[in-house]
Amino acid sequence: MDIVLLNGGGVDSLAAALILKNSGHTLHSLHVQFDYPASASMVVAAKAIADAYCADQVVVTVAGLVPWGMNAPEATPTGRYRSVPNLQLVVSGIAASYATRNGYSYIANGVKNQEVWGNGFEPAISALIANHNHSQLKQPLLFMRPLSALDDAAVYALVAGNSVLNQTVSCLSSPPCGTCFKCLLRKSHNLS
Ligand SMILES: [Zn+2]
């Protein structure tokens, strides 16, 4: 099947690409670039994943929506970064539009099991796809979440030794802050 992979350039995106590709699917990488401090690095990381696992790739740039500006810390008080729901809606809309325009029926992301209710993406894209499928458009869209049964440890176990792993980017600061949840997780797996 042809699947639009929402590819952020991180470890989860790599794991999702790996699973879907190994299942025989054809992946079309879609990276949505916001103006995070690390955005330039994230584009490069997404490209590395796409070069390895995807048939083609696009980058969509959406500027001016990151509310805290370029220099504010990206971590929440709990240490795990959360995007604001509006950004997730933007990503969902772009993904649905891109899939529809190209005749692809599936959209996949790298959201893990513990992130479902804390991440705005899932409810956003579910609502969007429900609306889409009630429209007059011929082709229904389906949402796939290949990491749905996995936690961080399982994802890192899956990508251990992968040649693209070192090229992934997890922190939204540039250079990586070294102190946020994602930086600490990388360190614990001997990743810079
Ligand atoms: Zn960090």
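1. Read from the N terminus, the protein chain follows the pattern β-α-β-α-β-α-β-α-β-α-α. That pattern comprises 6 helices and 5 strands, where helices are DSSP runs of H or I of at least four residues and strands are runs of E of at least two, numbered from the N terminus. Please keep in mind that this is a predicted model, in which local features need pLDDT of at least 70 and side-chain atom pairs count only at pLDDT 80 or more, while totals for chains, interfaces and linings use all residues. Residues are numbered from 1 along each chain as its sequence is written.

2. The strands form an open sheet of 5 with the order β3-β2-β1-β4-β5 and parallel pairing; two strands pair if DSSP finds at least two bridges between them. At the edges are β3 (56-61) and β5 (142-144), each pairing on one side only. Neighbouring strands of this sheet are turned by 25° against each other on average, direction ignored. As general background, strands of a sheet pair through backbone hydrogen bonds, either parallel or antiparallel.

3. It is worth following β1 to its two partners. β1 pairs with β2 in the parallel sense over 5 bridges, and with β4, also in the parallel sense, over 3 bridges. On the β2 side, D2 stands opposite T26 and V4 stands opposite H28. On the β4 side, I3 stands opposite Y106.

4. How enclosed are these strands? In β1, 4 of the 5 residues are buried, so this strand is largely enclosed by the rest of the structure. The same description, largely enclosed, applies to β2 because 6 of its 8 residues are buried. A residue is buried here if 20 or more other C-beta atoms lie within 10 Å of its own, exposed if 12 or fewer, and partly exposed in between, with C-beta atoms placed from the backbone. Across the 192 residues of the protein chain, 34% count as buried.

5. Two helices pack against the sheet. Helix α1 lies across β1, β2 and β4, running at about 170° to β1. Helix α2 touches β2 and β3, and its direction makes about 175° with that of β2. For these angles, axes are lines fitted to C-alpha atoms (for helices over the stretch in contact), and values run from 0 to 180 degrees between N-to-C directions.

6. The two helices also meet each other. The axes of α1 (residues 11-22) and α2 (residues 39-53) come within 10 Å and cross at roughly 10°. That makes α1 roughly parallel to α2; angles under 35 degrees count as roughly parallel, over 145 as roughly antiparallel, 65 to 115 as roughly perpendicular and the rest as oblique. From α1, the contact uses S13, L14, A17, L18 and K21, and from α2 it uses A46, I49 and Y53. These residues divide into 6 nonpolar, 1 polar and 1 charged, with Ala, Val, Leu, Ile, Met, Phe, Trp, Tyr, Cys and Pro counted as nonpolar, Asp, Glu, Lys and Arg as charged, and the others, Gly among them, as polar.

7. Now to the interior. The largest nonpolar core has 38 residues, of which L5, A17, A95 and I107 touch the most other members. Such a core is a set of buried Ala, Val, Leu, Ile, Met, Phe, Trp, Tyr and Cys residues joined through C-beta atoms within 7 Å. At least two residues each come from β1 (2-6), α1, β2 (26-33), α2, α3 (85-102) and β4 (106-108). Leaving out residues up to four places away in sequence, L5 touches A16, A17, L20, L27, H28, S29, L30, C54 and A108; residues are in contact if their C-beta atoms, placed from the backbone, lie within 7 Å.

8. D2, in strand β1, makes a nice contrast in sequence and space. D2 and G103 are 101 residues apart along the chain, yet their C-alpha atoms are separated by 8.8 Å. Apart from neighbours within four places in sequence, D2 contacts T26, H28, Y104 and Y106. D2 counts as partly exposed because it has 14 C-beta neighbours inside 10 Å. For the protein chain, residues 24 or more positions apart account for 77% of the contacts with a separation of 6 or more.

9. Finally, two backbone details to look at. Most residues other than glycine have a negative phi, and most peptide bonds are trans. The bond from S174 to P175 is cis, with omega near -5°, and P175 sits in the loop between α5 (152-159) and α6 (181-188). N190, in the segment after α6, has a positive phi of about 60° although it is not a glycine. N190 counts as exposed because it has 7 C-beta neighbours inside 10 Å.

Definitions and conventions
Two residues are in contact if their C-beta atoms, placed from the backbone, lie within 7 Å.
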